Amino acid sequence: MTSSEATILKSKKMEVRQAAEAQSSDVIIDNEIAKIRHEFDAAKKSFLKIPATFNNLPKMNPKGIYVNKNLRLDNIQVYGFDYDYTLAHYTANLQCLIYDLAKEYMVNELRYPELCVNFKYDPTFPVRGLYYDKDKGCLMKLDAFGSIEPDGCYFGRRKLSRNEMEDLYGTRHIGRDQARNLVGLMGFFCFSEACLIADMVQYFVDAKLEFDASYIYQDVNCAIQYVHQSGLVQRGILSDPHKYLIKNVSEKGKKLFLMTNSPYNFVDGGMRFMLEDSVGYRDTWRELFDVIIASANKPDFYTSDHPFRCYDIEKDNLAFTKVDKFDANKIYYHGCLKSFLQITKWQGPEVIYFGDHLFSDLRGPSKAGWRTAAIVQELESEIHIQNSDTYRSEQAKFHIIQELLGRLHTAANCQRSETYEILLKELNEERQNARRTMKGMFNKSFGATFLTDAGQESAFSYYIHRYADVYTSKPENFLFYPPEAWLHVPSDIKIMPHHVKVSSSLFSNP
């Protein structure tokens, strides 16, 4: 046999071996796809009923305190409180009041079209922690990594498709240059503000009028600030406190102080209403606090050098005398953190401050060394939903599909047969159905406050982690814990401390 013949023979043997290996590989892939198909079909049958094993899952406490950084309550000597949405909790009617007052201001003072006065606040549309793009006019929900939620980007009141989103942003991830155009809607007015922004954008789109998205934000924000700073909102609340306020104040031991951006007369009216059933406190609520600071101008309070001014309740004016001590039952305006610490001699780690706004209330105290507690009113309702068997069933479904999809992608190894494509499509549809169902349990437009549709941490969750040592739905939840309690970070956190990951194994496949 010549050398060339030997080479040809060797080449043929190699081709036969490669073909056999390929055939064997195809068989292995087909077998694995068939196995995944069998497990998927079995899983779909198990989805028809909620497993009894769900009864063994722990239920999270809607009134619990959830811990990002270990906290010993016996080391806390001073409790500080914001007023709005912290000591004072409001009914859903308040956002409607703010929305109506702001839209009227935009029509009457900023000369927006008269038709805008017919807009109605939609409580089912916004959630806390959204972002508005002042350049493109989109309202969106971001995850902790700065990526847009696939089904959480709206232009006006219309949800953008993924293709439309990619046309606008290139990818889901918001780059540094694009992030400069985003404003976070995190605080007291975020619900009415987000809804009004979206409604104004939608009006201009429907009317086929050109507009600059940054002007929409600027004008809505101006209107929202005006109705607050002018006292319109406060007067509306005090005119009918039963409609807007929830009685929600409890006394706590140790040192207490109140520090709010709201003016004294508004706080006084609200505190009187909330304590009207408490014998001996309605007219003397100021005695509950060692220090009361109104119109504090947070977050500038934490970095400025503004002096404190003593407020004369009877004369309704500010005194000119220097404030170098805080007297009981007196009201102080403005001021700064530096002077506050010098006068009180309260050391950072022994102080915990409660607030609802991540940036105005918590970022400054956190950097100053205070312990911080975020008050997130919607936490209770979200935990109730997460504790439900219906939600946990969908969550377990989602995890099963995710695991099967991961195995399918690995098994296929870039070889996409017709069987593979059919199974892939069915798995993706089932996963999308589970996502859609879970999202709709919270909010039809943006889903849960703390989670993305994919079950990941939202941008709002990221900032809770960063600036809040603990978080809960209201301050009085601390009364359920002994004053010497040690609050520890859970050792098995999956997303946030108040979440329980439902394992896919809870559905037993036949």
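A trainee and a mentor discuss the pockets, cavities, helix contacts and unusual backbone spots of a predicted model.

Trainee: Which residues lie nearest the centre of the largest pocket?
Mentor: Start with the space itself. The largest pocket has a volume of about 750 Å³. Its lining counts 30 residues. Nearest the centre lie F189, Q225, N261, H357 and S360.

Trainee: Which helix supplies the largest share of the lining of the largest pocket?
Mentor: Several elements take part. Strand 9 (182–185), helix 5 (190–206), helix 6 (213–229) and helix 11 (358–367) each give at least two residues to that lining. The largest share is five residues, and the element that supplies them is helix 6.

Trainee: How many residues in the lining of the largest pocket are charged?
Mentor: Sort the lining by class. There are 10 nonpolar residues and 13 polar ones. The charged residues number seven.

Trainee: What is the volume of the second largest pocket?
Mentor: Find the place before the number. A92, F191, Q377, E378 and S381 lie nearest the centre of this pocket, among 26 lining residues. The volume is about 560 Å³.

Trainee: Which element gives the most to the lining of the second largest pocket?
Mentor: By class, this lining holds 11 nonpolar, 10 polar and five charged residues. Two or more residues come from each of strand 4 (89–90) and helix 12 (379–387). The top contribution is four residues, and it comes from helix 12.

Trainee: How many cavities of 30 Å³ or more does the structure hold, and which elements each supply at least two residues to the lining of the second largest cavity?
Mentor: The structure holds two such cavities. The second largest has about 30 Å³ of space. Its lining is V127, R128, G129, L130, K141, L142, T449, S458, A459 and F460. At least two of these residues come from each of strand 6 (138–142) and helix 15 (459–467).

Trainee: How do the residues lining the second largest cavity divide by class?
Mentor: Look again at the list, which includes R128, L130 and T449. Now sort the lining. It has five nonpolar, three polar and two charged residues.

Trainee: Are helix 2 and helix 7 parallel or oblique to each other?
Mentor: Begin with the geometry. Helix 2 (residues 93–108) and helix 7 (residues 232–239) pack at about 135 degrees, with axes 10 Å apart. Roughly antiparallel would need an angle over 145 degrees. The two helices are therefore oblique.

Trainee: Is the crossing of helix 2 and helix 7 left-handed or right-handed?
Mentor: See who touches whom. L94, L97, I98 and L101 of helix 2 meet L232, V233, G236 and I237 of helix 7. By class, the contact has seven nonpolar residues, one polar and no charged. The crossing is right-handed.

Trainee: Are helix 7 and helix 9 roughly parallel or oblique to each other?
Mentor: Helix 7 and helix 9 (residues 264–274) pack at an angle of about 20 degrees. Their axes are 10 Å apart. Angles under 35 degrees count as roughly parallel. So helix 7 and helix 9 are roughly parallel.

Trainee: How many polar residues are in the contact of helix 7 with helix 9?
Mentor: The crossing here is left-handed. Helix 7 brings Q234, I237 and L238, while helix 9 brings N265, F266, G269 and G270. Three residues are nonpolar and none are charged. The polar residues number four.

Trainee: Which residues of helix 5 does helix 2 meet?
Mentor: The axes of helix 2 and helix 5 come within 9 Å and cross at roughly 45 degrees. These two helices are therefore oblique, and their crossing is right-handed. Q95, I98, Y99, A102, K103 and M106 form the helix 2 side. In helix 5 they meet F191, S192, C195, L196, D199 and M200.

Trainee: Which residues does a cis peptide bond join?
Mentor: Look in the loop between strand 12 (291–294) and strand 13 (308–312), where P299 sits. Omega of the bond is about 5 degrees. The joined residues are K298 and P299.

Trainee: Which residue has a positive phi although it is not a glycine?
Mentor: Search the loop between strand 3 (78–81) and strand 4. The phi in question is about 60 degrees. The residue is Y85.

Note on methods:
Residues numbered from 1 in each chain as written. Predicted model: local features only at pLDDT ≥ 70, side-chain atom pairs only at ≥ 80, totals over all residues. Heavy atoms only, no water. 1 Å grid on protein atoms, 1.4 Å probe; cavity = no way out; pocket = protein on both sides within 12 Å on 5 of 7 lines; lining within 4 Å. Points joined across faces, edges and corners; volume = space filled by probe spheres on them. Nonpolar A, V, L, I, M, F, W, Y, C, P; charged D, E, K, R; others polar. Axes fitted to C-alpha atoms, helices over the stretch in contact; angles between N-to-C directions. Parallel < 35°, antiparallel > 145°, perpendicular 65-115°, else oblique. Left-handed = near helix turned anticlockwise from the far one by under 90°. Contact = heavy atoms within 4.5 Å.
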